[in-house]
Amino acid sequence: MIPLSHCTGFLCSTTSIGACRNLFCLGNRVPFLQNRCSGQERRPQRKRASCYRVCSGAVLQLAMATDDELCIYQTKDALAARLSKEILSLVQDSRGLQASENEQVFVVAVSGGSMPSLLRTALSDQPEAMTRLSRALWILVDERVVPRDHPDSNFRAVRDALEGLVCSERILGFPPDSIALDTSSIADAYAELLRSKGIKPENIDLVLLGMGEDGHTASLFPNDEANLRSAPEAKFYIGIDNSPKPPPRRITLSMTAIQAAKRRIFVVTGKGKAKALSHIFQEGNTKRLPAGLVQNALWLVDADAASEISYR
Ligand SMILES: O=C(O)[C@H](O)[C@@H](O)[C@H](O)[C@H](O)COP(=O)(O)O
């Protein structure tokens, strides 16, 4: 349990939910509501969480004993604003990768899917953040094995979404000449390229993760047990040949590398994610959905994605 002193707000009863700006629930993955007065715990029930909409504009925060934090936003813009605040504070606090004696570089790993455009929303009109990020290096959480100009390329998605904000030379994709190799060799070539720039899993400052409707994250998919375990000897990037989400050939940060990074932030939006999210946060992730296996992450989600998380 998180010590109560760490919490700045409590939910005493569901009737007071509308008045609360910050609500903290305690528990291990499955959030419990704690009655401040009696200390009594109550398990959430699978009821519709219409109460979230009562706290219009408010943030519902669930702090878990695992050090995960789940923050629910009413709108994508509010979520993007929190993301930009988080990034700014990480860049301010980070000592960064020591690229040379006088140069510190912040390293961000970005997912594909909706992440690049959300990141653009988060970083647009943020001159302070962009000044601080001007020396950052942007790497890919995962990449589809396609040429860089292919519509499926995550490199292209990140480059196009951040055009005008980030210089394309500072976005690192896998070496184009490795594309003809098998996925495992492409993954090794990418890891080697990053290592040649001093980037190792443990000096990635921030990993920005999405989650698919099936609970996958990066290109780590459900039931791929061999790749879902964290292991000290695991590789930096791994090759995937049978991704259920097309295209099938991909490379991805390994679970171990994701876990080794300094900070993990999930961004999850849309009703399509509601079941997986509720499974992870309310049912203890018994199905071992990959996103739910990532530890110590900040989850920024919208009300649609959180619509199946409910409380008594
Ligand atoms: O390249 C990819 O396929 C991704 O990196 C993948 O893991 C993505 O982040 C999720 O599928 C969520 O995608 P959405 O944000 O588009 O739902």
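This report describes the fold, helix packing, ligand shell and some individual residues of a predicted model.

**Basis and overall make-up**

Because the model is predicted, local features are reported only at pLDDT of at least 70 and side-chain atom pairs count only at pLDDT 80 or more, while totals for chains, interfaces and linings use all residues. Residues are numbered from 1 along each chain as its sequence is written.

The secondary structure of the chain comes to ten helices and 15 strands, where helices (H or I, at least four residues) and strands (E, at least two) are DSSP runs numbered from the N terminus. Of the 312 residues of the chain, 42% count as buried. A residue is called buried if 20 or more other C-beta atoms lie within 10 Å of its own, exposed if 12 or fewer, and partly exposed in between, with C-beta atoms placed from the backbone. Among contacts between residues at least 6 apart in sequence, 73% join residues at least 24 apart; two residues are in contact if their C-beta atoms, placed from the backbone, lie within 7 Å.

**The nonpolar core**

In soluble globular proteins, nonpolar side chains tend to be buried together. The largest nonpolar core here has 78 residues, of which Ala 109, Val 110, Leu 208 and Leu 277 touch the most other members. Such a core is a set of buried Ala, Val, Leu, Ile, Met, Phe, Trp, Tyr and Cys residues joined through C-beta atoms within 7 Å. Not counting residues up to four places away in sequence, Leu 277 touches Val 268, Val 301, Ala 305, Ala 306 and Ile 309.

**Three helices and what covers them**

Helix α2 comprises the 18 residues 76-93, which at 1.5 Å a residue should span 26 Å, and its end C-alpha atoms are indeed 26 Å apart; the expected span is 1.5 Å times one less than the number of residues. The buried residues of α2 are Leu 79, Ala 80, Leu 83, Ile 87 and Val 91. They cover an arc of only 105 degrees around the axis, which puts them on the same side of α2, the arc being that of the directions from the helix axis to the C-beta atoms. An α-helix has 3.6 residues a turn, so residues three or four places apart point the same way. The face of α2 turned away from its buried side carries the exposed residues Ser 89, Gln 92 and Asp 93. On the buried side, the packing partners are β4 (69-73), α3 (115-123), α4 (127-133), β11 (206-209), β14 (264-268) and β15 (297-302).

In α3, the buried residues are Met 115, Pro 116, Leu 118, Leu 119, Ala 122 and Leu 123. Seen down the axis of α3, they fall within an arc of 160 degrees, so they line one face of the helix. Their cover includes α2, β7 (107-110), α4, α5 (154-161), β11 and β14.

In α5, Asn 154, Phe 155, Arg 156, Ala 157 and Val 158 are buried, and what covers them includes β7, α3, β8 (137-140), β9 (142-144) and β10 (171-172).

**The ligand shell**

The ligand is surrounded by 15 residues, and the closest are Ser 111, Gly 112, Gly 113, Ser 114 and Gly 210; a residue belongs to this shell if its C-beta atom, placed from the backbone, lies within 6 Å of the ligand. By class, the shell has four nonpolar, nine polar and two charged residues. Here Ala, Val, Leu, Ile, Met, Phe, Trp, Tyr, Cys and Pro count as nonpolar, Asp, Glu, Lys and Arg as charged, and the others, Gly among them, as polar.

**Individual residues**

The table sets out C-beta neighbour counts for four residues.

| Residue | Other C-beta atoms within 10 Å | Class |
|---|---|---|
| Asp 125 | 9 C-beta atoms | exposed |
| Lys 200 | 16 C-beta atoms | partly exposed |
| Ala 218 | 31 C-beta atoms | buried |
| Met 255 | 23 C-beta atoms | buried |

Asp 125, in the loop between α3 and α4, has a positive phi of about 55 degrees although it is not a glycine. Ala 218, in the loop between β11 and α7 (225-228), likewise has a positive phi, near 50 degrees. Lys 200 lies in the loop between α6 (183-196) and β11.

Met 255 is found in helix α8 (residues 255-260). Leaving aside neighbours within four places in sequence, Met 255 is in contact with Leu 220, Asn 227, Leu 228, Arg 229, Ser 230 and Leu 293. The C-alpha atoms of Met 255 and Arg 229 are separated by 6.7 Å, with their positions 26 residues apart along the chain.

Finally, the peptide bond from Pro 246 to Pro 247 is cis, with omega near -5 degrees, and Pro 247 is found in the loop between β12 (237-240) and β13 (250-253).
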